[in-house]
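Open the structure in your viewer and keep the sequence beside it. This tour says what to select at each stop and what is there.

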Amino acid sequence: MAKPDNRSDNVRKIQRNIQNTIKNFREGQDYLSEHADEISPQEKQQIEEKNEKRLRAIEGFREEVKDEAAHQRNY
């Protein structure tokens, strides 16, 4: 028999993921600001690409929070 879906702490977990991703984004931005003249163009591009992915992930997490909130209102 399958275990019931316990979604009671999903919002909290997603919010923690948002906070961690924002922190990593800021660290990437800070690193670029401090070391832009010392790193290779490839490394700069990699950091910028990672930060773009982080921004998309944050958007996705926020949509998940909305979905979870709607689910909790319906139950």
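The tour starts with the whole chain and then moves to single residues.

**Before you start.** This is a predicted model, in which local features need pLDDT of at least 70 and side-chain atom pairs count only at pLDDT 80 or more, while totals for chains, interfaces and linings use all residues. Residues are numbered from 1 along each chain as its sequence is written, and side-chain values use heavy atoms, with hydrogens and water left out.

**Stop 1: the whole chain.** Show the chain as a cartoon. It has two helices and zero strands; these are DSSP runs, numbered from the N terminus, with H or I over at least four residues for a helix and E over at least two for a strand. Now turn the C-alpha trace: along its principal axes it spans about 55 × 25 × 15 Å. The radius of gyration is 17 Å, whereas a compact globule of 75 residues would have one near 11 Å. That radius is taken over C-alpha atoms, and the globule rule is 2.2 Å times the number of residues to the power 0.38.

Next, colour by accessibility. Of the 75 residues, 19% are buried. Buried means under 20% relative accessible area, exposed over 50%, and partly exposed in between (1.4 Å probe, protein chains only). Contacts here are heavy atoms within 4.5 Å. Among contacts between residues at least 6 apart in sequence, 72% join residues at least 24 apart.

**Stop 2: glutamate 64.** Select helix H2, residues 41-74, and find glutamate 64 in it. Is glutamate 64 buried, exposed or partly exposed? Glutamate 64 counts as partly exposed because its relative accessibility is 38%. Add valine 11 to the selection: valine 11 and glutamate 64 are 53 residues apart along the chain, and their C-alpha atoms are separated by 8.0 Å.

**Stop 3: lysine 66.** Lysine 66 is also in helix H2. With a relative accessible area of 52%, lysine 66 is exposed. Measure from C-alpha to C-alpha to valine 11: the two residues are 8.8 Å apart in space and 55 residues apart in sequence.

**Stop 4: glutamate 68.** Stay in helix H2 and select glutamate 68. At 8% relative accessibility, glutamate 68 counts as buried. Which residues does glutamate 68 touch, not counting those up to four places away in sequence? They are Arg7, Asn10, Val11 and Ile14. Show the side chains of glutamate 68 and asparagine 10, which make a polar contact at 3.5 Å. A polar contact is a pair of N or O atoms within 3.5 Å; within protein, one must be able to donate a hydrogen and the other to accept it, and residues adjacent in sequence count only if both atoms are side-chain atoms.
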